[in-house]
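Here is a short briefing on a ligand and the residues around it. Start with the view below, then read the points by topic.

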Amino acid sequence: MQLKTDLYIDGAWVKGDGTLPVTDPATGSVIAEVATAGEKECDAAIAAADRAFKTWSKTAPRVRAEILRKAFELMIAESDNLAKIISMENGKVFTDAKGEIAYAAEFFRWFSEEAVRTPGDFRTAPAGDKRILVTHQPIGVSLLITPWNFPAAMATRKIGPALAAGCTMILKPASETPLTAIAIIDILERAGVPKGVVNYILPSKTGAMISKILHDPRVRNLSFTGSTEVGRVLIKEAADNVLRTSMELGGNAPFVVFDDANIDDAVAGAMIAKMRNGGAACTAANRFIVAKSVAQEFTTKFAKAMGALKVAPGLDEGAQLGASVSIKERNKIADLVDESVKAGGKLELGGKTPDGVGAFYPATVISVDAKNPILNNEVFGPVAPVVTFDTDEEGIALANATEYGLISYIYSSDLKRAIRTAEAIESGMVAINRGVISDPAAPFGGVKQSGLGREGGFDGIHEFLETKYIGVEI
Ligand code: NAP
């Protein structure tokens, strides 16, 4: 497989101020050396995006839509290769990577359809003597920062609406997973995105250079997906130039199983909600909050299903749980489990870091009490703490006992009870009797410290549009 490794600025593949190794976390071997951007390249990317905005923002929505549609088709046609790149640099298993590509490509298709349908409106002022015209215009140069856990989907979820809206952009992926971003940029170039509209950089000094970009008056919008910790820093940075910001941050999703739930269905849903992407998802079920009367049955069946997973390098035949993205991330997971056990958590499965190369961690289930520290942290790995409750109120209080509010899962055979709970739970998204609800056609996003704004659905394009009111005297 021929991998591109350069930066992409103003329609050209260019070298930067150095290189960064990209490592396969399953083997520890270096798979590529990618170019890094210095101040000169970062500035060139802003200048290119600023120049291109003048024409791209005026390009007919239909033309923008056709380019996005072409990018969708290329991604689907090349999905095996793209999935291999994801597996190699991120560690996730090939089936998860293929699933991610299908999901990621769908953002291009969805926003190709949205590009031609941004509604405005025409109103009569209450006094009757004026007209109110409401229209939407692209914000301008947008900085898109993405994490390593979904290196394709988190990029397309931003690039799709930004292109559809008429914005130009600078994409900055996570340092662990730039190859997927580069492959997507290559597809966009082949799909016909004009030069300067999409630029890709990988700063050699992330914090300092991103700060500089955010203080450049040519940049008008920041769309960030990553940890709450970094999100807080970036909100402060963005405040100086009063930038529009969209923040998709961390999660600590509760998975509530009521006593009337079908336990086999709940276990099947738990396997998806917990193990998609090896547990490295902001949407991953992180706290299993289970009615006491069914907790034994749920935990036994869940631990059995978790224990049956084949742990292997992502590209191995039949692999179901791959490596974490790095040894550092794997060790974070191991530390959280050790701390949980020290605080009284009872290991039902796993919990021991394997010897040998590769950032592997086994599927782990721990029974804990409500005070266990693991419940306060986003684990980002194949670890499932189970805590029990007696009354619905107690279960809901446990679900809400977190600073995060991205997604929640509820299992119950009583729809009224499930909807009452969904309304009482503080999260931007709720899945009822389902282990996954991410959908490009639905608004994705969190409340509390899980973020600001929504991506996907009808809302996603508005993260890249300003509303303009034109008043007319008649
Ligand atoms: P992260 O450490 O916050 O990094 C995310 C991105 O921010 C990376 O590109 C990183 O670049 C960059 N970054 C780090 N420090 C920065 C700084 N000081 N200034 C500017 N940029 C900076 O997150 P991660 O570990 O990659 O991803 C995992 C997190 O993302 C989890 O918390 C997860 O819940 C969250 N996430 C949320 C969603 C959602 O939709 N809500 C989706 C996926 C993931 P470098 O790699 O160069 O440091």
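α7 gives the most to the shell around the ligand, contributing 3 residues. The model is predicted. The ligand takes up the space of the largest pocket.

**Shell elements**
- Four elements give two or more residues to the shell: α5 (153-165), α7 (206-214), β10 (219-225) and α8 (228-239).
- Domain 1 (7-250 + 449-473) gives residues to the shell, and so does domain 2 (253-401 + 407-439); the ligand therefore lies between them.

**Shell residues**
- The ligand has 30 residues around it.
- R157, S175, S227, L249 and E378 come nearest.
- By class, 15 residues of the shell are nonpolar, 10 are polar and 5 are charged.

**Polar contacts and burial**
- The side chain of T206 places an N or O atom 2.8 Å from an oxygen atom of the ligand.
- At A174 the backbone takes part: one of its N or O atoms lies 3.4 Å from a ligand oxygen atom.
- G226 also uses a backbone N or O atom, 3.4 Å from an oxygen atom of the ligand.
- The protein buries 86% of the 910 Å² that the ligand exposes when taken alone.

Definitions and conventions:
Residues numbered from 1 in each chain as written. Predicted model: local features only at pLDDT ≥ 70, side-chain atom pairs only at ≥ 80, totals over all residues. Heavy atoms only, no water. Near = heavy atom within 4 Å. Polar contact = N/O pair within 3.5 Å; in protein donor to acceptor, adjacent residues only side chain to side chain. Areas by Shrake-Rupley, 256 points an atom, 1.4 Å probe, with all protein chains shown as cover. 1 Å grid on protein atoms, 1.4 Å probe; cavity = no way out; pocket = protein on both sides within 12 Å on 5 of 7 lines; lining within 4 Å. Sits in = over half its atoms within 2 Å of the grid points. Nonpolar A, V, L, I, M, F, W, Y, C, P; charged D, E, K, R; others polar. Domains from an automatic or database assignment.
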